[in-house]
Amino acid sequence: MSPSQTSETTTLDRYGMALSIGCAIHCAVLPIAMGLLTATGLSWIAGPEFEWSILACTFLLGSTRLIKSWAQHRNPVSLYFFGAGLICFAAAKMAWFAIPNNEAVFMTAGGLLVATAHFKNLRLCACCHAH
């Protein structure tokens, strides 16, 4: 691949990491900041539309980037982390576990796992220069 394509693909992983870390922070801080958000007029950040749009972007960017990378370097480690993150997202939205703050815990874990998948993918790409 040319240097411009390599730069573009690592940029996508960096965007994926930033989005996933932002998702994790959003889900970890939201239960604490709910009253402040309402008072400042930013309650839309706590709305389901915002959450689902973050999840959709995370899924689309992650699946596109990580599957493409796997096809080139054939190392499934990043896909395992991505899959575990998606399972955490599903566990949060389906309320499979009756624990306090179920959604916050699983969404935060899912965001961190997806960010780890992108980080691992960046390391794999740097090692093999296949991208």
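Guide: Accessible areas in this discussion come from the Shrake-Rupley method with a 1.4 Å probe. On that basis, the accessible surface of this predicted model comes to about 7,300 Å² for the chain, and carbon and sulfur atoms hold 72% of that surface.

Visitor: What pattern does the chain follow along its sequence?

Guide: The pattern reads α-α-α-α, with four helices and zero strands in the chain. Of the 131 residues, 37% count as buried. Among contacts with a separation of 6 or more, 69% are between residues 24 or more positions apart.

Visitor: Why is D13 called buried?

Guide: The term requires a relative accessible area under 20%. D13 has 0%, and therefore D13 counts as buried. The residue is placed in helix α1, which covers residues 3-40.

Visitor: Which residues is D13 in contact with, leaving aside its neighbours within four places in sequence?

Guide: They are R65, L66, H118, N121 and L122.

Visitor: How do you know that R65 and D13 form a salt bridge?

Guide: The criterion is a side-chain nitrogen of Lys or Arg within 4 Å of a carboxyl oxygen of Asp or Glu. For R65 and D13, the closest N and O atoms are 3.2 Å apart, so the pair meets the criterion. R65 belongs to helix α2 and D13 to helix α1, so the salt bridge ties together parts that are 52 residues apart in sequence. R65 is itself buried, because its relative accessible area of 3% falls under the 20% limit.

Visitor: What makes E51 and K93 a salt bridge?

Guide: Their closest N and O atoms are 2.4 Å apart, which satisfies the 4 Å cut-off. This pair links distant parts of the chain, with E51 in helix α2 and K93 in helix α3, 42 residues apart.

Visitor: Are E51 and K93 buried or partly exposed, and why?

Guide: E51 has a relative accessible area of 10%, which is under 20%, so E51 is buried. K93, at 27%, lies between the 20% and 50% limits and is therefore partly exposed.

Visitor: How do you know that K93 forms a salt bridge with E103?

Guide: The closest N and O atoms of K93 and E103 are 2.7 Å apart, a value within 4 Å, so the definition is met. K93 lies in helix α3 and E103 in helix α4 (residues 102-128), so this pair ties together parts that are ten residues apart in sequence. E103, with a relative accessible area of 33%, is partly exposed. Three salt bridges are present in the structure, and E51, K93 and E103 are linked in a network.

Visitor: Why is R74 called exposed?

Guide: Exposed means over 50% relative accessible area. R74 stands at 54% and so counts as exposed. R74 is placed in the loop between α2 (48-73) and α3 (77-94), and its phi is near 55 degrees, a positive value in a residue other than glycine.

Visitor: What makes I21, I25 and V29 a patch on the surface?

Guide: A nonpolar patch joins side chains such as Val and Ile within 5 Å, provided that each residue has over 30% relative accessible area and no salt bridge. I21, I25 and V29 form such a patch, with about 250 Å² of accessible area together. Of these residues, I25 lies in helix α1.

Key
Residues numbered from 1 in each chain as written. Predicted model: local features only at pLDDT ≥ 70, side-chain atom pairs only at ≥ 80, totals over all residues. Heavy atoms only, no water. Helix = DSSP H or I, 4+ residues; strand = E, 2+ residues; numbered from the N terminus. Buried < 20%, exposed > 50% of the residue type's maximum accessible area, 1.4 Å probe, protein only. Contact = heavy atoms within 4.5 Å. Patch = residues over 30% accessible without salt bridge, like charges linked within 9 Å, V, L, I, M, F, W, Y side chains within 5 Å.
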